[in-house]
Amino acid sequence: MKSDIALNFLSRWQTMDELRRAKTHIVRSFFYAHNSRSQSLIEKRLQQIGAAYEVTDDLALIEPLVLTAKCLVNQLRQFNQTINEFDRKIKGVFKSHPDHFYSKLFREQEKS
């Protein structure tokens, strides 16, 4: 669920009803726009969407769960940004570490 495509999907279609009302070409375009261009994978996803069903139609349950999902999507986006920032800083610090040179040599030896 940490991938941008999953988070964007959940932001775009927050309920099964919204997703079901979406035209197939719109959903297909969404996947293309997120660099998911495998026709077989897109068809599989569209079939899964078509076969999916709502667990409930009770708005007293759906509405708070949609709000909870929005909150969680935003939190995951923030976590992803922070993790990416940690990764950038770790890479920067590691470049100045003495083992960086040996790590580079080891990777080159593995390629040979």
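The following exchange concerns helix packing and the nonpolar core in a predicted model.

Residues are numbered from 1 along each chain as its sequence is written. Local features need pLDDT of at least 70 and side-chain atom pairs count only at pLDDT 80 or more, while totals for chains, interfaces and linings use all residues, and side-chain values use heavy atoms, without hydrogens and water.

Biologist: Which elements give two or more residues to the largest nonpolar core?

Modeller: Such a core is a set of buried Ala, Val, Leu, Ile, Met, Phe, Trp, Tyr and Cys residues joined through side-chain atoms within 4.5 Å, where buried means under 20% relative accessible area with a 1.4 Å probe and protein chains only. The core has ten residues, among them Phe9, Trp13, Val27, Phe30 and Ile49. Among helices, which are DSSP runs of H or I with at least four residues, numbered from the N terminus, those giving two or more are α3 (24–33) and α4 (39–51).

Biologist: With which residues is Phe30 in contact, leaving aside neighbours within four places in sequence?

Modeller: Contact means heavy atoms within 4.5 Å. Phe30 itself belongs to the largest nonpolar core, and its contacts outside that sequence window are Ile5, Asn8, Phe9, Arg12 and Trp13.

Biologist: How are α1 and α5 oriented to each other?

Modeller: Axes are lines fitted to C-alpha atoms, for helices over the stretch in contact, with angles running from 0 to 180 degrees between N-to-C directions. The axes of α1 (residues 4–12) and α5 (residues 59–95) come within 10 Å and cross at roughly 155°. Because angles over 145 degrees count as roughly antiparallel, the orientation of α1 and α5 is roughly antiparallel.

Note on methods:
Buried means under 20% relative accessible area, exposed over 50%, partly exposed in between (1.4 Å probe, protein chains only). Angles under 35 degrees count as roughly parallel, over 145 as roughly antiparallel, 65 to 115 as roughly perpendicular and the rest as oblique.
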